[in-house]
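The following exercises are to be worked with the sequence and the structure at hand. Each task is followed by a solution in steps.

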Amino acid sequence: MVSNLNPSTVTSRSISVFRYISLVFALLSLIGCGQTIRSISAADNRLPNEAKERIADAEDAVLIARSRLQDTERAREIADQKSLKFSQQPPNLGSATAIARQLISARLHLASLEQSYAEVNHQLSLNRLKLVYAQTAMRYDIAVYDLIPLDQSVDGARQALLQLRRERKQARSKMKTLVDQWWKAYKGLAQSTGTQAFWVYEFTK
Amino acid sequence: MRPQSVYISIPLSVICVLSLLSGCSSLPQAALDPPITETLKQRITKARNAIIETRRTLARATGSTYVQELRIRLAELLSDEARAHYQVARAREGISNKSLQVPQVKTLKQQSVTVYQEFLKDYPASPLRARALYNMGQEYRELGEYDEMRSRFEQIVSELPNDPLANEALLILGGDYFDRNKLDEAANRFRKITESGIHKVSGLAHYKLAWTQVNLGKCDEAIKSFEAAIKRSHQWISTNKNGSLEGSQYDVRRESLVDMVYCYSKERSDKSVVKHFKRLAYDRGPLVAALEKLSRRYTILDRNEGLRDVSRALLDLAPDNSKRRDDTENLHNALKKLKDYKRVGEDVGRLTATFTRVARSARLTTAERSSALIRFEQLSRDLATSAQLALEKRLGTKRWSDIPAVRQLEDAYTRYLETYGAKASLESLMTANVKGQLVDKSKSKANKQGENNEPAESFDLRQNLIDVLANLSMVHSRVGRDYSAAQRFYERAQLLGREGSEDAYQAVLHFQKALSVEGQSRGELVISRALLRRASSQLLNGALPKDQGAKVRYAIALTYYEEGRLDKAIEYLTAVATEYPNSTQGDSAVMLVLDALKQKSAYDQLASAGSRFLTLGISAALKPRVTSIVAQAQQLALDELALEAAGIDGGDVSSELIDFAQTNSGSLGERALLNAFVTAQGEGDFKGMKKVAELIESGYPKSTQLVSVYSSLARSAAEQLYVTEAISGYDKAARLSPRQAAQLNAASAEVSAKIGDIDSALRSLASAVKSPSSDERVFGLYVQLLIDHRTPAECWSALQALKDRGSPSVAAGIGYLQVLRKSFDEAEMTLQVVIESGESLAQYPRALGLYALAEVNTHFLKGFIPGDSTDELAEWVTLMELAEQSYLRVARTGQAKWGAAALNRLSGLSLFTSEKIQTFKPPSELSSSNKQRFAQGFKQRSIILKKQQAQSLKACQELGLARGLFPAPVRQCLNGQLMSSPAVDPSTIKARNQKAAPEIGAADRAALAQNPNDIQAAVRLGEALLAAKDPHLARLALAQAIQGGGAEVQNLYGVACALAGDYEGAISGFGRAAVSGLSEGIENANKLLKNQLNVSNIERLTKGVWNVTANGGVKW
């Protein structure tokens, strides 16, 4: 039995999750806040090849994480718009309307989680990058840093990521159930009153 | 009384004001132009003055060279004055057709004639004669004395035919004859000019000749003359660019071209008429004028081919004016009459272009503009539809080939739509629904009472556009231009609104067809998809028949798929598949959904979708494929999960894999659990590994991977010092796999041996060696444990059972025991296998075997008593060296125990041989000097051997003192004792009676599993285990740290070993720490050696060798 998810409840829950994660981040970032980590170029001649590769990999990871974050933000916007449209002008899908509403809410919730996950992942990649810079500097006598807070920030971000991962997994599992229910209801709709309302709704602004 | 100044100032002011006013009252005179008569009168005066002066000059110039010129000039001046008088009279009387009576003119002209006559008389051979005659002729002409005129001009022609004025005279004569209708004479005169060389009047002469010919009815010749007039004029102008002929009366190019029309239209065919005139025209103006005239001629003559061509040319070339409307009518009529629609596209283009220019004209009123729209629209549409009817008659109404005529028709409709369908410019007119008046000219011609304006049908542009769109879309469709057809259907659907569903449907179908062929440009693809969706959305708002519904919805969904917008595509294709199962569209939709999910690499969703389709229903033919895809997707989803787990943020993937396994049974579930096991192993999560191993055993008891699982579990347990689990794991694995039992039991035995449980270790190994699959490693380990921890008798009985297994390790053990049992011959035989296996044998059995062999060699040396023979003595020496080398070979293996034993025994051997060699007598066969040398040599050799004895002992001692290795032979060396027999006492270790709880040092155990070189973790774990009073396990943990851990770790290791009863291990730890200079290391080592290991003089031995360089360490 799938619980009825109210869009506003889902959204506020997503927001509270996000706020919690952000708070964690902020605190963790503050831990490493006392020192400024200077970046090191991946082309720095003082470094051996493996050190350069490590820096380049860490920098690439940040870019990849940022790109994924942008994708999730876009997906979240689309989910938001769909949810708003549905709440303002719900289609007349007969007995399938309720499940459609639940599905849209679940999609929005999942999109929010995906975005949160991407944000945390991005932050993790940034923390890792700082750590790589610091470790490289220490290793090759370029600068001296306290690595412990940096390690902690990476670990903290990772834990937050794992937590979000678990939540995301649950949300996906719920989604799967809802999707099955929706298509079953859609089939019922096709066999009874017809699906014109669905198609008209999809193609009107 | 007013002041006096007031009386003065007021009148003064008034006077000033009045003065000013008087100045203002008269405006300045305007400088007007003088009247024309005044100007002309001035001309008269000028001429008169010039005449007077000329006469005066003449009077003085008698006999001069310029007198002739002066006389001619006088006559011309008289003529000029006459002309001026005439112009004055004309100006005064106004321009009218009445002839003017001006007496001065006659008088002056007659005077002029007189001057010419006198001139001719006085200067008959003058070069100015022609000019005089010509001027005279002109005067006579203006006087109306035509006979005289003719006579003078004929005189020029006859007397001075080569003079340039002769041609002009001929021209005038010809014109005169022409005026008198004497056409042949006129023609002759003109011909005389045309047949002579090029002259400025040649063109004009041709022109006049042409007209003469026209009047003579010789049109064909007239055409040639007109053409010649054009060519000659053009030729003259081109060669005399500075001349003023262009545009003058002599430039008859335009006139010739235009006047030629009549005869041309009479004599020549319509073919290429425009081309012909274009070739002759020097400029657009004359050409247009000629074409307009041709147009009129052809209209009158009803020559439609020519009219068509000329109308086209006029519409292309001529400027915008009202005549163009006639041209459009002409073109339309001609085409209709000829039924010529080959170029209907271009023709309609002309009409629409003309209309566009007309509609933009600022001069037209709104009503005129509307009227133009109505008429042009009708003409354009009529042509296009007529062309279509003609094509349908010719090609039928099904499929059409893509021939030029069809393209023209499409072009015609397209231009029509571009012009009349342009909303912005025609909006007001479109909505007006104007009732236009159409004048039917043909009917008005037939009406003898004059023009008959018939009321026109009401004008509905919108409906006309709709009809034209229908036609055009049909044409596109017939010729296979689906994209274009679709666009037009769509436009029509838009115009029709609710009634346009059939057109919208056709648009969808055609867009779909267009999208399915290759060769579309990117823009066309994007537009097609977007318009297809729009057309479909229009249809969706209404009720669709079932068959159309499937096609339309599928078409929409397909556009998203093709654009790569997979999320939307999946949504809509799933809707189609769900709504229309067992249909073509439904089946295609199913496969596309699955493909889209595959493109997204969303394997879990792919598996779900496939399963859903199977549940909700698909066609029977598709089921096997979908089932196979679902199975593949599940595998791939699992693989993805496992790959993710290997990444840096693999996270809690084990639990996800376990969940996966729980929702999927069979090989997939088993694989998931195996992946979970591997993941947990990679993270060093021993608990996780255990849990998953249990799940695999309970869920898949027959899994072929269970052996690997338990052996991996055991290995991980051993790494993390969970020795009970390790042994249990190996045992389980061995039970499950008889084939690998030997190796697994050996691994279990190793673990047992490490914690001092020798009995268990030997039991496991005894079981292992029985297996036919035992390998050399197993035998080696067995032999080592037996020899190190059991009595020779126990070893002998254990190894006898294995003597036929062909193992070099067993052979080494048996050979050693045979040596102990003094069966040297048998030992020598047994040990050959050891020699043959060479370096491939492990260190311990190899060292053992070589040691035994060295003992055999020593025995044979000792048993050999050389006789009185050099050879036998030499042989003895060889045997001695062989035995020495044998011991050294053992030392070189690096194995501490047997190496030390070998050094000790070498020392003993060296002592024996040094003493023995002294007892040898020189052989009697030697000479006395040789005997002496012999004795000397042996004496020296004895000394060397004695040194060797001391060196060997020292080397043995240094194994301990310098390297910290103290097996039993080393301790004997330190005591200065030589081993009396080859036997080395077994090692001892206490049984493990205290087991630390598994949670102790759990984090460090996991860290070691991840990184066995983590010295810090190893030390922490060792310390924790020591604190938990489990020294056996502690020494294993610390053993991982002694390599890089430093003196304190080595000392700590020594403490753990000592507490476990492993004194040899302890002394090696303390010894290394002592060598490093750690104070407690030295203390502990001395204590242990002295108190437990019977090396009482250790402090003396280590004084100066073990020096304290660092304070610290744990005290034992």
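**Exercise 1. A residue ahead of a helix**

Does B:D302 count as buried, partly exposed or exposed, and what is its relative accessibility?

*Solution.* The model is a predicted one.
Step 1. Locate the residue: B:D302 lies in the loop that links α13 (284–301) to α14 of chain B.
Step 2. Read the accessibility, which is 45% for B:D302.
Step 3. Apply the cut-offs: buried means under 20%, exposed means over 50%, and partly exposed lies in between. B:D302 therefore counts as partly exposed, at 45%.
Step 4. Examine the backbone: phi of B:D302 is near 55 degrees, a positive value in a residue other than glycine.

**Exercise 2. A loop residue in chain A**

Determine where A:D141 is placed, and state its exposure class.

*Solution.*
Step 1. The loop between α3 (97–139) and α4 (147–191) of chain A holds A:D141.
Step 2. The relative accessible area of A:D141 is 72%. The cut-off for an exposed residue is over 50%, so A:D141 is classed as exposed.
Step 3. The phi angle of A:D141 is near 55 degrees, which is positive although the residue is not glycine.

**Exercise 3. A tryptophan and its contacts**

Identify the helix that contains A:W199, and list the residues that A:W199 touches beyond its neighbours up to four places away in sequence.

*Solution.*
Step 1. Helix α5 of chain A, residues 196–202, contains A:W199.
Step 2. The relative accessible area of A:W199 is 0%, so this residue is buried.
Step 3. With residues up to four places away in sequence left out, A:W199 touches A:Y186 in chain A, and B:L540, B:R553, B:Y572, B:A575, B:V576 and B:E579 in chain B.
Step 4. For a distance within chain A, take A:R128, which is 71 residues from A:W199 along the chain; the C-alpha atoms of the two are separated by 47 Å.

**Exercise 4. A serine inside chain B**

Is B:S907 buried or exposed, and which residues does B:S907 touch when those up to four places away in sequence are not counted?

*Solution.*
Step 1. B:S907 belongs to helix α44 of chain B, which covers residues 896–919.
Step 2. With a relative accessible area of 0%, B:S907 is buried.
Step 3. Under the stated exclusion, B:S907 touches B:Q949, B:S952, B:L953 and B:L978.

**Exercise 5. Two helix pairs in chain B**

Describe the packing of α14(B) with α15(B) and of α39(B) with α42(B).

*Solution.* Two packed helices are described by the angle and the distance between their axes.
Step 1. The axes of α14 (residues 304–317) and α15 (residues 323–338) of chain B come within 8 Å and cross at roughly 145 degrees. The crossing of α14(B) with α15(B) is left-handed.
Step 2. On the α14(B) side, the contact residues include B:L307, B:R308, B:S311 and B:L314; on the α15(B) side, they include B:D327, B:L331, B:A334 and B:L338. By class, this contact of α14(B) with α15(B) holds 7 nonpolar, 4 polar and 6 charged residues.
Step 3. The axes of α39 (residues 808–820) and α42 (residues 843–863) of chain B also come within 8 Å, and they cross at roughly 35 degrees. The crossing of α39(B) and α42(B) is left-handed.
Step 4. Among the residues of α39(B) in this contact are B:A812, B:G813, B:Y816 and B:V819, and among those of α42(B) are B:L848, B:G849, B:A852 and B:V856. The contact of α39(B) with α42(B) comprises 8 nonpolar, 4 polar and 1 charged residues.

**Exercise 6. The two chains as wholes**

Why is chain B described as more spread out than a compact globule? Give an account of chain A as well, starting from its helices and strands.

*Solution.*
Step 1. The secondary structure of chain B consists of 54 helices and 2 strands. Its radius of gyration is 67 Å, whereas the globule rule gives 32 Å for 1116 residues; chain B is well over that value and therefore more spread out than a compact globule.
Step 2. The C-alpha trace of chain B spans about 185 × 115 × 90 Å along its principal axes.
Step 3. In chain B, 50% of the 1116 residues are buried. The chain exposes about 54,500 Å², of which carbon and sulfur atoms supply 51%.
Step 4. Chain A has 5 helices and 0 strands. Of its 205 residues, 45% count as buried. Chain A exposes about 11,200 Å², with 53% supplied by carbon and sulfur atoms.
Step 5. Consider contacts between residues at least 6 apart in sequence: in chain A, 80% of them join residues at least 24 apart, and in chain B the share is 61%.

Terms used
Residues numbered from 1 in each chain as written. Chains lettered and ligands numbered in written order. Predicted model: local features only at pLDDT ≥ 70, side-chain atom pairs only at ≥ 80, totals over all residues. Heavy atoms only, no water. Helix = DSSP H or I, 4+ residues; strand = E, 2+ residues; numbered from the N terminus. Buried < 20%, exposed > 50% of the residue type's maximum accessible area, 1.4 Å probe, protein only. Contact = heavy atoms within 4.5 Å. Axes fitted to C-alpha atoms, helices over the stretch in contact; angles between N-to-C directions. Left-handed = near helix turned anticlockwise from the far one by under 90°. Nonpolar A, V, L, I, M, F, W, Y, C, P; charged D, E, K, R; others polar. Rg over C-alpha atoms; globule rule 2.2 N^0.38 Å. Areas by Shrake-Rupley, 256 points an atom, 1.4 Å probe, with all protein chains shown as cover.
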